[in-house]
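The following exercises are to be worked with the sequence and the three-dimensional structure at hand. Each task is followed by a solution in steps.

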Amino acid sequence: MFAFVIRRLALSIPTLFGVMVVVFLLLYVAPGDPVQDMVGERADAETIARLRKELHLDEPIYKQFAAYTAGVLKGDLGNSYITQRPIVQDIKERFPKTLLLAGSAMLLASIVGITIGVLSARNPGGWFDRLGLGLAYLGISFPVYWVGLILILIFAVNLKWLPPSGYGGVKYLILPAFALGSRSIAFLARVTRSSMLEVLGGDFVRTARAKGLRERVVVGRHALRNALIPIITVLGLDFGYYLTGSILTETIFSWPGIGRYVVNAIARRDLPAINGSVLFLSVVFVMVNLITDLAYAKADPRVAYS
Amino acid sequence: MRTRRYALVTLLLAMACMGGESSPARRTLIDSRDTYDPRSLDPALSTDVPTGRAVGYVFDGLVRFTPDAQVVPGLARAWDVSTDGRTYTFHLRSGVKFHDGRPFRARNVLSSFQRVLDPATKGGRGWPLYPIAGAKDYADGKGRTITGLSAPNDTTVVITLAEPFAIFPKLLAMPVAAIVPDSVPSNFGEHPIGTGPWKFVEWKHDDYLLFAKNPDYFDSAPEADSLKARIIPEPSTAVAEFESGNVDVLYVPEGETRNWEQTDEKKAMLESAPALRMMYVAINTTRGPLADARVRQALNHATDAAGILEGIMSGRGNLSAGVIPPALPGGDSARAGYRRDIAKAKQLLAAAGHSNGIDVELWSSQTPPFPRIAQTIQANLLEAGVRVKLVQRDASSMREAARAGQTDLALKDWFADYPDAENFLYPLLHSANKGVGGNVSFYSNPRFDELVATSRREQDEAKRVTMYAQADQVAFADAPMIYLFFYKELYAIQPWIKAFKVPTIFTGQRWTDVQIQR
């Protein structure tokens, strides 16, 4: 297990290096000029040329890349062209907020989604199953910005139970977490239901029932545990995506997370900020995948790592 | 039991009915207009609107703008201009202190300007100070001192310009010319110290900026205790925050104009002001058939600017026949625009030898309302036989292409940095500013250049304004752009907010007189 983790981490190094190369190249060939975005309107050609030289943008790309890689190896992602702040500091401020939002959304989605899935599977074709499926369809079909705005209108503007947007205590978290998690709720409910249906038809479930175990124990302890693998896959994938920035949710709820940061950096061609945050988010994605794989073994002892 | 249930229902109803009528308990003014995080709070880096606004709260310049865009004394209580128009002597206020208690002196003005121009600052925003003798050379690393700057004593600053520039004080009211203390630390952009009406308290990136009243402010100290500038990227969310009573001032989104104007209680909260902002299509006058003025006039006649203003902008603005907004001296509201006339457009095209029409590319950014306006223009021009290929890019790529002269037509808007016709005529159309300077029409007309250059030196305002109007007329006849419209600012202001005036120029409202009424 330990060896497995080490090997996976070692294998992720070429992946991350690949990400660095691709992003660097893409930004190099993409249109748009970082210096023109720095100076704003009414700049003069001399100033632009001078800044380009100072930022080493006039050097060949391999030199720029080498300098950047050297910085990364020392843990320095550089300073933003636009704000002149260190990228590391910018990420440190924003990522925990994205983590909080993504974590809450996933927690909410797992509780609600798995519950709906399990209850639906217990009585397929019943009223709860149909209702659950219907809601799942709605959840998958509605785009997050629409759900977000409707939630704000109902719970903030009309009922005044929660603030419309911003970052703060738990009350600021509920609406965005729900908006972000709504798609996962639907997805998890459906995956849980089908996985549970498959498992509930198994011999060991019949045995458990024959033993006279209560239905709650049969479903909760025996069946659900065996149905977990596909559920973990969905959780891991969604969590990875949420962590890398839920741009729409963060925008609608004015949530100061990493997604908005990346989008702003791209819009302003802030090269160090784009390179740095994409690299960081790739690390996060690799870690989430690793944890997902480890969770498989926890859920199913037959899964072995070597 | 029944009464308790009844009480609950009443409570819920009461909660649902709590509108925006009651004044909030807070004593903090809350703004909702910033849609993205400021670049920095360092005046030397003030290239964007949120930065400029925040710098205006914490800092003062020698002069400043009022909400209706007049220049009034700031740290300078008065100034004299020499008869040749080259030397400005600013008489400074005495007894002014920075927020950290250090006194403000004339040498702070020198070091502040020097810092903005110093290549090491990497701000790239030196141009408002370039009129000062020696400033441009200093910024390019060619001079060791700025010859045009001196401080004979603690309360006098003498600025000598390279050549007369009558509206120079207006440039000194821009955020970049704000005065900072000596020995500025490297994290100054995060912890600014100025002399302004508001002291910096905290900045939560992408969330809000918080300022506290400076009770010792030399002018009149703010009425409210504190000011919070929230950063709300989504306009619909800002509307929801306003309707919930959480913010005091709202920039009404273009798409919601009708909704606000047609609801009585909402309409009562609206305030508007003419904006120094213009929407136009820059025509690259050097590309193919567009080099012919008749073709450019034809494009103007074919475009339904009135339809665009009405249909897409909900009528929020004034049609333009020139580049000088009607709110500024020199703006000629009597000049007849290019009215929509397809027959005339076709006739002009035929006269220019294009009876089969022409093919052009129209570039626009992807930010609303640009794509819809571009599509409308495409449809309009087709009626006159002009086949438009739409090119949509993000704002950064589009700006680069337009400045490099790679666009036939580019749909753009232009904000004034300072309230003067020169801020439209010179950057947008003077041949010295082709490309990165702002003239993406690559327009060049010696008569226009001469009129603008002379007006920049002219000390007599009446004469200057006449020249502005003449220059605008010259360019208008050459049609280096499709003239669309000037924006109108439309704000909603909570009923409990008193004395908030919608600013004509974005740095014109510093919230000092604004009160929360209780």
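In which loop of chain A is A:Ser254 found? The model is a predicted one, and A:Ser254 lies in the loop between helix H12 (247–252) and helix H13 (258–267) of chain A.

**Exercise 1. Compare the backbone and the surroundings of A:Ser254 and A:His56.**

Step 1. Begin with the general expectation: most residues other than glycine have a negative phi.

Step 2. Read the phi of A:Ser254: it is positive, about 45°, although the residue is not a glycine.

Step 3. Count the surroundings of A:Ser254. There are 27 C-beta neighbours inside 10 Å, and 20 or more make a residue buried, so A:Ser254 counts as buried.

Step 4. Turn to A:His56, which is placed in the loop between helix H3 (45–54) and helix H4 (61–73) of chain A. A:His56 is not a glycine either, and its phi is positive, about 60°.

Step 5. Count again. A:His56 has 12 C-beta neighbours inside 10 Å; the limit for an exposed residue is 12 or fewer, so A:His56 counts as exposed.

**Exercise 2. Describe the secondary structure and the overall extent of chain A.**

Step 1. List the elements: chain A has 14 helices and 0 strands.

Step 2. Take the extent along the principal axes, where the C-alpha trace of chain A spans about 85 × 55 × 30 Å.

Step 3. Consider burial: 40% of the 306 residues of chain A count as buried.

Step 4. Consider the contacts in chain A with a separation of 6 or more. Of these, 74% join residues 24 or more positions apart.

**Exercise 3. Determine how helix H8 (residues 170–200) and helix H11 (residues 228–243) of chain A are arranged.**

Step 1. Find the approach and the angle: the two axes come within 9 Å and cross at roughly 165°.

Step 2. Classify the angle. Angles over 145 degrees count as roughly antiparallel, and therefore H8(A) is roughly antiparallel to H11(A).

Step 3. Assign the hand: H8(A) passes H11(A) in a right-handed crossing.

Step 4. Identify the residues in contact. H8(A) contributes residues including A:Leu180, A:Phe187 and A:Val191, while those from H11(A) include A:Ile231, A:Val234 and A:Tyr242.

Step 5. Sort the contact residues by type, which gives 8 nonpolar, 3 polar and 1 charged.

**Exercise 4. Establish whether helix H2 (residues 49–58) of chain B is enclosed or open.**

Step 1. Count the buried residues: 9 of the 10 residues of H2(B) are buried, so the helix is largely enclosed by the rest of the structure.

Step 2. Name some of them; among the buried residues are B:Arg53, B:Val55 and B:Tyr57.

Step 3. Find the packing partners. The buried residues of H2(B) pack against strand S1 (28–34), strand S8 (198–204), strand S9 (208–213) and strand S10 (226–231) of chain B.

**Exercise 5. Locate the cis peptide bond at B:Pro369.**

Step 1. Recall that most peptide bonds are trans.

Step 2. Examine the bond from B:Pro368 to B:Pro369, which is cis, with omega near 5°.

Step 3. Place B:Pro369 in the loop between strand S14 (358–365) and helix H12 (370–383) of chain B.

**Exercise 6. Characterise the side of chain B that touches chain A.**

Step 1. Count both sides: 45 residues of chain B are in contact with 46 residues of chain A.

Step 2. Identify the contributing helices of chain B. Helix H1 (2–17), helix H6 (235–243) and helix H13 (395–403) each supply at least two residues of this side.

Step 3. Find the largest share, which is the 7 residues from H13(B).

Step 4. Sort this side of chain B by residue type: 15 are nonpolar, 14 polar and 16 charged.

Key: Residues numbered from 1 in each chain as written. Chains lettered and ligands numbered in written order. Predicted model: local features only at pLDDT ≥ 70, side-chain atom pairs only at ≥ 80, totals over all residues. Contact = placed C-beta atoms within 7 Å. Helix = DSSP H or I, 4+ residues; strand = E, 2+ residues; numbered from the N terminus. Nonpolar A, V, L, I, M, F, W, Y, C, P; charged D, E, K, R; others polar. Axes fitted to C-alpha atoms, helices over the stretch in contact; angles between N-to-C directions. Parallel < 35°, antiparallel > 145°, perpendicular 65-115°, else oblique. Left-handed = near helix turned anticlockwise from the far one by under 90°.
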